[in-house]
Every structure is written in C-alpha cells, then in structure tokens.
Amino acid sequence: MKEKTMKRLFLLPALLLALTLGANAQTLQDLPRPQTSAPVSSEAIQEGNWLVGADIGNIGHNFKSETFNFDVSPRAGYFISDNAAIGASAQLGLSIYDGGESWRYGLTPFIRYYFPEGASATNRWFGEAVIGLAGSSEEDSDGDAILSRVYGVRAGYAHFVASNVALEGTLNLIRSSANVDIDDAAQTGLSLAVGLQIYLPGRNN
C-alpha cells in the first residue's frame, strides 16, 4: 500500500510538470514571429506616392591614419508614374583625423526606376541616376567650402520587411571633385551603402 502511495506521489508532480511544459510550448507556438519580409505591394510604388528615407555608408575608422569617416544621405522623392520616382538627396559627411576635421555636404536630385523584371514576392531591383552639387571644407584650409558638380549612377536591391518599408543595399559609382583633401582632382568613387526607405501613400491613393 505504501509503495502504491509513494508511486502516486512521484507521478503527480511529473504529470503536473508535463502539463505545464505542454501548455508553455503551446503558448510559445501561438506567439507571433518577428516579421522579416512582406509581399511587395504594387500600391507602394505607384504614381502619386512618396518615398522618404536615408542611406548610410562609408562608416569606418582607419587605424593607420587615425581617421574616422561617416556619411549619411537623407532623401525624399515623389512617384511621377508607377515604378518611377524623382526627388533629392542631401549629402552629409564627416572625417575626423589627427589635427582636424573635414565636412562634406551637397544636394543631389535623383531619378529612380524599379524594374518589373526580376521582381519577387518580397524584393525589387532598381536603378538610379544622380546629378547635383557638393562641397567640402577642411579646417584652416585656404580652399574652404568649395562647390563642385556631382554625378553618377546607383544599382540597388530593396527587400520589403513590410508592405511600405524596405531595407536597401546600393552599389554607387559617383564622380565628384568636391573633396579638398585630394587637391580638387576629379575623382571617380565606387562605394556600398545600406538604407531604409518608407513608402507613403499619396492623397489620391
């Protein structure tokens, strides 16, 4: 009799533990998973909508020259037709080095086109052309605040994490002579950048 009673006493906690774990497992399964992608809505890139966001690139520190670089490009655009947008991007950059600092600035209008070819449920390829003005300044430099033409092209990939929000990566080929650090010599630069873009519906959409 005692043995049966002891077995029941041991089985009761085990049964309660199993029921608790099962209930917790069911609760975890019912929790929503973090959203990492969403179907690309054609409504996001249709005529009349707005595009706002920013690109970040050239972030890093050179240990040999003790130079820190940071660039950010906020932007806004308007869809003049389905898949095609025009707008402008501000170019803001900073270099900090031993003995001083240098600022980069500019305004570059752009035109962007999202290619229907190669589109998937959550991704889009796009191309972009830019042209504008940019300048740079160097502390205690005779060539302070020099303005120069900027022009180039970008190839990009947008991954939609929501129906109106996309993470982007771009490969940029930009030509400029705005950087006084290189003695105003015209330079062609190839760079990578990442960004976040938000697609806002227009008044009629």
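A charge sits over a ring if NZ of Lys or CZ of Arg is within 6 Å of the ring centre and within 35 degrees of the ring normal. Keep that rule at hand for the first exercise, and remember throughout that the model you are looking at is predicted.

**Exercise 1. Charges over rings**

Task: Find which ring arginine 112 lies over, and which ring lies under the charged end of arginine 75.

Solution:
- Step 1. Start with arginine 112: it lies over the face of phenylalanine 126, 3.9 Å from the ring centre.
- Step 2. Now go to arginine 75, whose charged end sits over the ring of phenylalanine 110 at 4.5 Å from the centre.
- Step 3. Compare with the cut-off: a distance counts when it is within 6 Å. The values to check are 3.9 Å for arginine 112 and 4.5 Å for arginine 75.

**Exercise 2. The overall plan**

Task: Work out how many helices and strands the chain has, and in what order they run.

Solution:
- Step 1. Count the elements: there is one helix, and there are eight strands.
- Step 2. Read from the N terminus, and the order is α-β-β-β-β-β-β-β-β.
- Step 3. Add burial to the picture: of the 205 residues in the chain, 32% are buried.
- Step 4. Finally, look at contacts between residues at least 6 apart in sequence; 55% of them join residues at least 24 apart.

**Exercise 3. Two hairpins**

Task: Describe how β3 pairs with β2 and with β4, and find the residue with a positive phi in each hairpin.

Solution:
- Step 1. Strand β2 covers residues 67-81, and strand β3 covers residues 84-97. The two pair in the antiparallel sense, over 11 bridges.
- Step 2. Pick a facing pair: valine 72 stands opposite leucine 92 in β3.
- Step 3. The hairpin of β2 and β3 has two residues between the strands, and asparagine 83 takes a positive phi near 80° there.
- Step 4. Move on to strand β4, residues 100-115, which runs antiparallel to β3 and is joined to it by 14 bridges. Here isoleucine 96 stands opposite glutamate 101 in β4.
- Step 5. The hairpin of β3 and β4 also has two residues between its strands, and glycine 99 in the turn has a positive phi of about 105°.

**Exercise 4. Aromatic partners and the core**

Task: Explain why the pair of phenylalanine 160 and tyrosine 199 ties together parts that are apart in sequence.

Solution:
- Step 1. Rings pair if their centres lie within 6.5 Å, and planes under 30 degrees apart count as stacked. By this rule the count comes to eight aromatic pairs.
- Step 2. One of them joins phenylalanine 160 and tyrosine 199: with 5.4 Å centre to centre and 25° between the planes, the pair is stacked.
- Step 3. Place the partners: phenylalanine 160 belongs to strand β6 (residues 146-162) and tyrosine 199 to strand β8 (residues 187-200), so the pair ties together parts that are 39 residues apart in sequence.
- Step 4. Check burial: phenylalanine 160 and tyrosine 199 are both buried.
- Step 5. Widen the view. Ring pairs link Phe79, Tyr114, Phe126, Phe160 and Tyr199 into a cluster. The largest nonpolar core has 11 residues, including those five as well as Ala44, Leu51 and Ala85.
- Step 6. A general point fits here: in soluble globular proteins, nonpolar side chains tend to be buried together.

**Exercise 5. Buried polar residues**

Task: Decide whether serine 73, threonine 108 and glutamine 197 are buried or exposed, and find a side-chain partner for each.

Solution:
- Step 1. Buried means under 20% relative accessible area. Serine 73 counts as buried because its relative accessibility is 10%. Threonine 108, at 3%, is buried too, and glutamine 197 is buried at 0%.
- Step 2. Serine 73 lies in β2, and its side chain makes a polar contact of 3.0 Å with that of glutamine 91.
- Step 3. Threonine 108 lies in β4. Its side chain makes a polar contact with the side chain of glutamine 91 at 2.8 Å.
- Step 4. Glutamine 197 lies in β8, and its side chain is joined to that of aspartate 55 by a polar contact of 3.2 Å.
- Step 5. Look along the chain as well: glutamine 197 and proline 74 are 123 residues apart, yet 9.7 Å separates their C-alpha atoms.

Key: Residues numbered from 1 in each chain as written. Predicted model: local features only at pLDDT ≥ 70, side-chain atom pairs only at ≥ 80, totals over all residues. Heavy atoms only, no water. Phe/Tyr/Trp six-rings, centres within 6.5 Å; stacked < 30°, edge-to-face > 60°. Helix = DSSP H or I, 4+ residues; strand = E, 2+ residues; numbered from the N terminus. Buried < 20%, exposed > 50% of the residue type's maximum accessible area, 1.4 Å probe, protein only. Polar contact = N/O pair within 3.5 Å; in protein donor to acceptor, adjacent residues only side chain to side chain. Pairing = 2+ DSSP bridges. Core = buried A, V, L, I, M, F, W, Y, C linked by side-chain atoms within 4.5 Å. Contact = heavy atoms within 4.5 Å.
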